[in-house]
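Please open the structure in your viewer and keep the sequence panel beside it. The tour below moves from one selection to the next and says what is to be found at each stop.

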Amino acid sequence: MSDELDLAAVFRREAGRCTATLIRVLGDVDLAEDAVAEAFAIAAERWPETGIPPNPGGWITTTARNRAIDRLRRESTRKERHVAAQRLHEEDDDMDPDHARDLEALDDFVDVVADDQLRLMFLCCHPALAPDAQVAMTLRLLGGLEVPEIARAFLVPEATIAQRLVRAKRKLRDNHASYEVPRQAQLPDRLHVVLGALYLIFTEGHTASSGDALLRVDLSSEAIRVTRVLVELMPDEPEAVGLLALMLLTDARRPARLAADGSFVRLADQDRGRWDRTLIAEGHDLVRACLRRNQPGPFQIQAAIAAVHADAPVAEATDWSQIVALYDQLFALQPNEVVAVNRAVALAELRGPAAGLEQLDALDADRLDDYQPFHAARADLLVRAGRLEEAVRAYDRALALTTNPVERSFLSEQRRRAAP
Amino acid sequence: MPQFLLSVWHDEEYEVDFTTEEFQRVGQKVGAFNEELTEAGAWVFGAGLMPASSATVLRPSKEGVSMTDGPYAETKEQMGGFWIIEAPDMDTALDWAQRASNACEGPVELRPMQPEE
């Protein structure tokens, strides 16, 4: 049993790296994906007997490459496959992954693996792909998740994810997408898209319902895993570090987010003793490291806000003036309604519910009509201001916009208490 | 080298009138963009189109080819012009499309052409 678990862990850890390298070598995403899957199948048969090799990634990559050559030789009827086969033959002959000398010779071939992973990240999160396609591509190719796992994680049919992946890969191929890290001039914009997709995966995991959690891949952990790789590859990008810090500091609260009965617990009501101190310590270190660089960005500021929360041993001790100041800074960079709503909530903590409501009501209500957090925040402040009838109406609107069952039951309970 | 179609889209009521300040400005920017394409060796072809109302659609049928007055797609948005460019990869093509969109001050669709066999 533990062997099985080890294999799954190794596979998931190595899948992104192996696929990334194979795409470069084979020049084709589908071929690479199939070859890596085949190599994993062979490993699953052999490793229980032989043990996991010292360099499992190298073993998988070499085996996948050899398999791809075999297949291309068999099926090189199509022109492009023929070209790919040609490229492989030029590199050199078959290598034996269990042969030490061959593994060494393989170094040139696998060494640039770090760059390959970056290439793959930028390919999966290409701005010409829709965000849901970027997310599916990232989880499949970099995270090594199977299509059914991704589908279950997002509670959508398998066919939907499969189709998303096929379309995305086809679009990239039809458009001659290059397998390169973007040029310096484009890098900030492109990196922003990658970070956005990773954050989307994280928040999906964070807000996902808990009931069937055992059946679902933990998207938050997957997002953290891929973001760690990104930070390793781009240690000088403060926003990437900021995103990792934000994820860790948010994830640290996870043990306290749900009560024993599975109901949602607000930040203010959470048992802070249950927060994960190891994650908080790491998150803090990362926040400090980014701040020293003095190139503030949205993820770094949000991480700093999460760090201020983590600093407070009890909710009452929260340094709200610092949080409001950080939201001001965030709003200067991202002057949108989402930030404004969060800032208003923080302001209400500092100066009372009336001050927060004043800010919320100054926002463009039409544009926020479909934004659930606006109505939920407003409802809460209305309760605290004693305006209960309005609060109930705001809860109704928030409930109408909430699909997550845990959040729904939380809001229903709040509404019940507010109802005069 | 791969070729791409960049098509320019605007409202069907769009009237080209070079006496206005707007068209003087856009015309100048598009001219400069065309020069950039040519200098980079990316230019294959490009042209602006007469209004969509000047179009005729022809359809094959058993009785011969029929004709209808007006554009094929009866939508508010019509193609107003296009370029065919050569670019080594998608990102380069997207970069050109971005510049095209800035020059025309409107949406531009990028679409890869089928490769020549």
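Begin with A:Asn294, which sits in the loop between H15 and H16 of chain A. The model on screen is a predicted one, and the backbone at this stop deserves a look, as phi of A:Asn294 is near 55°, a positive value in a residue other than glycine. Is A:Asn294 buried or exposed? It counts as exposed, because 7 C-beta neighbours lie inside 10 Å of A:Asn294, and a residue with 12 or fewer is placed in that class.

Step back along the chain and select helix H15 (residues 277-293) of chain A, the helix that A:Asn294 follows. The 17 residues of H15(A) should span 24 Å at 1.5 Å a residue, and the end C-alpha atoms are 25 Å apart, so the two values agree. Now colour the buried residues of H15(A), which are A:Leu279, A:Ile280, A:Gly283, A:His284, A:Leu286, A:Val287 and A:Cys290. If you display the surrounding helices as well, you will find that these buried residues pack against H13 and against helix H16 (298-311) of chain A.

Helix H13 (residues 238-251) of chain A leads on to the next selection, the largest nonpolar core, to which H13(A) gives the most, with nine residues. This core has 127 residues, and those that touch the most other members are A:Val36, A:Ala245, A:Leu249 and B:Leu6. Centre the view on A:Val36 and leave aside residues up to four places away in sequence: what A:Val36 then touches is A:Ala15, A:Cys18, A:Thr19, A:Leu22, A:Ile60 and A:Ala64.

Next, select helix H8 (residues 131-142) of chain A, whose 12 residues reach 16 Å from the first C-alpha to the last, close to the 16 Å expected at 1.5 Å a residue. H8(A) is mostly covered, with 10 of its 12 residues buried, and among them are A:Gln134, A:Thr138 and A:Arg140 as well as A:Val135, A:Met137 and A:Leu141. Beyond the helix, stop at A:Gly144, which follows H8(A) and has a positive phi, near 70°.

Further along chain A, show helix H19 (residues 353-361) together with helix H21 (residues 372-384), which pack at an angle of about 145° with their axes 9 Å apart. Their crossing is left-handed. To see the contact itself, select A:Pro353, A:Gly356, A:Leu357 and A:Leu360 on H19(A), and A:Ala377, A:Arg378, A:Leu381, A:Leu382 and A:Arg384 on H21(A); sorted by class, this contact has six nonpolar, one polar and two charged residues.

Before leaving chain A, zoom out to take in the whole chain, which has 23 helices and zero strands. Of its 420 residues, 40% count as buried, and among contacts in chain A with a separation of 6 or more, residues 24 or more positions apart account for 62%.

Turn now to chain B, where the secondary structure comes to two helices and six strands, arranged along the sequence in the pattern β-α-β-β-β-β-α-β. Its C-alpha atoms fill a box of roughly 50 × 45 × 20 Å, taken along the principal axes, and buried residues make up 21% of the 117 residues in the chain. For chain B, residues 24 or more positions apart account for 73% of the contacts with a separation of 6 or more.

Within chain B, select B:Glu12, in the loop between strand E1 (3-11) and helix H1 (21-39). B:Glu12 is partly exposed, because 15 other C-beta atoms lie within 10 Å. Setting aside residues up to four places away in sequence, B:Glu12 touches B:Ala52, B:Lys76 and B:Gln78. A distance label from B:Glu12 to B:Pro71, C-alpha to C-alpha, should read 10 Å, although the two are 59 residues apart in sequence.

Move next to B:Glu105, in the loop between H2 and strand E6 (108-112) of chain B, where phi is near 60°, a positive value in a residue other than glycine. With 13 C-beta neighbours inside 10 Å, B:Glu105 counts as partly exposed.

Finish where the two chains meet: six residues of chain B are in contact with seven residues of chain A. Which element gives the most to the side of chain B that touches chain A? It is helix H2 (residues 90-104) of chain B, with three residues, and by class this side of chain B has four nonpolar, no polar and two charged residues.

Methods: Residues numbered from 1 in each chain as written. Chains lettered and ligands numbered in written order. Predicted model: local features only at pLDDT ≥ 70, side-chain atom pairs only at ≥ 80, totals over all residues. Axes fitted to C-alpha atoms, helices over the stretch in contact; angles between N-to-C directions. Helix = DSSP H or I, 4+ residues; strand = E, 2+ residues; numbered from the N terminus. Left-handed = near helix turned anticlockwise from the far one by under 90°. Nonpolar A, V, L, I, M, F, W, Y, C, P; charged D, E, K, R; others polar. Core = buried A, V, L, I, M, F, W, Y, C linked by C-beta atoms within 7 Å. Buried ≥ 20, exposed ≤ 12 C-beta atoms within 10 Å, placed from the backbone. Expected span 1.5 Å × (residues − 1).
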